[in-house]
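User: Please take one part of this model and go through it closely, in plain terms. I would like to know where its residues sit and what they touch.

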Amino acid sequence: MKKKYSNTFPKSQKLKSKKDIKLLFGSHATKSISKGLLARWILFEERNLQSKYLIIVPKKRIAKAVLRNYIKRCMREGIRKNKGPFEEYLSQKGQYIHLAFIYQNENPIKASDIEELMKKGIKKVWHELETNY
């Protein structure tokens, strides 16, 4: 039987704090690159935290705001659909993550491709955590 996960992406899971973002992009953060997507994360062992996500589409890569917003919306959708098992794994280990995804393609791609890219990105981060932490 397939386990049911929460398919929501509430405001409380969006990484917005300047302090947390500075910590994420500081010297202690880890990097992982896949084709078209860069991921940075930092793990926490504290129980009172919640996993949070940050989505970045650089203006340097995608000049038009309409396309940047479209890509961000598709990336949020990819996270929303694929984060359930990943968060379950982290909570079983008593860990929480602040995770940033940075879009690296020069051209916008279809929504289904962006969603697949996010799925692969989450799986790659998951695999990296399993092997290194």
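Analyst: A loop residue, then helix 3 and its partners

Leu49 lies in the loop that runs between strand 2 and strand 3. Helices (H or I, at least four residues) and strands (E, at least two) are DSSP runs, numbered from the N terminus. The model is a predicted one, in which local features need pLDDT of at least 70 and side-chain atom pairs count only at pLDDT 80 or more, while totals for chains, interfaces and linings use all residues. Residues are numbered from 1 along each chain as its sequence is written, and side-chain values use heavy atoms, with hydrogens and water left out.

With a relative accessible area of 29%, Leu49 is partly exposed. Here buried means under 20% relative accessible area, exposed means over 50%, and partly exposed is in between (1.4 Å probe, protein chains only). Setting aside neighbours within four places in sequence, Leu49 is in contact with Phe44 and Tyr96. Contact means heavy atoms within 4.5 Å. Leu49 and His98 are 49 residues apart in sequence, and their C-alpha atoms are 9.8 Å apart in space.

Now to helix 3. Its buried residues are Gly84, Phe86, Glu87, Tyr89 and Leu90. They pack against strand 2 (37–44), strand 3 (52–56), helix 2, strand 4 (96–103) and helix 4. Glu87, in helix 3, has a relative accessible area of 19% and is therefore buried. Apart from residues up to four places away in sequence, Glu87 touches Gln13, Ser51 and Tyr53. Just after helix 3, Gly94 takes a positive phi of about 75 degrees.

Next comes the contact of helix 3 with helix 4. The axes of these two helices come within 10 Å and cross at roughly 20 degrees. Axes are lines fitted to C-alpha atoms, for helices over the stretch in contact, and angles run from 0 to 180 degrees between N-to-C directions. The angle makes helix 3 roughly parallel to helix 4. On this scale, angles under 35 degrees count as roughly parallel, over 145 as roughly antiparallel, 65 to 115 as roughly perpendicular and the rest as oblique. The crossing of helix 3 and helix 4 is left-handed. A crossing is left-handed if the near helix is turned anticlockwise from the far one by less than a right angle, and right-handed if clockwise. From helix 3 the contact uses Pro85, Phe86, Tyr89 and Leu90, and from helix 4 it uses Ile122, Val125, Trp126, Leu129 and Glu130. These residues divide into eight nonpolar, no polar and one charged. Ala, Val, Leu, Ile, Met, Phe, Trp, Tyr, Cys and Pro count as nonpolar, Asp, Glu, Lys and Arg as charged, and the others, Gly among them, as polar.

Trp126 belongs to helix 4. Leaving out neighbours within four places in sequence, Trp126 is in contact with Pro85, Phe86 and Tyr89. At 23% relative accessibility Trp126 counts as partly exposed, whereas Tyr89, at 15%, counts as buried. The C-alpha atoms of Trp126 and Gln92 are separated by 13 Å, with their positions 34 residues apart along the chain.

The rings deserve a separate look. The structure holds three aromatic pairs. The ring centres of Tyr89 and Trp126 are 5.5 Å apart and the planes stand at 40 degrees, so this pair is tilted. The pair links distant parts of the chain, since Tyr89 is in helix 3 (residues 84–92) and Trp126 in helix 4, 37 residues apart. Rings of Phe, Tyr and Trp (its six-membered ring) pair if their centres lie within 6.5 Å; planes under 30 degrees apart count as stacked, over 60 as edge-to-face and the rest as tilted. Phe86, Tyr89 and Trp126 form one aromatic cluster.

Helix 4 also meets helix 2. The axes of helix 2 (residues 65–82) and helix 4 (residues 111–132) come within 8 Å and cross at roughly 50 degrees, which means that helix 2 is oblique to helix 4. This crossing is right-handed. Among the residues in contact are Tyr70, Ile71 and Cys74 of helix 2, and Ile114, Met118 and Ile122 of helix 4.
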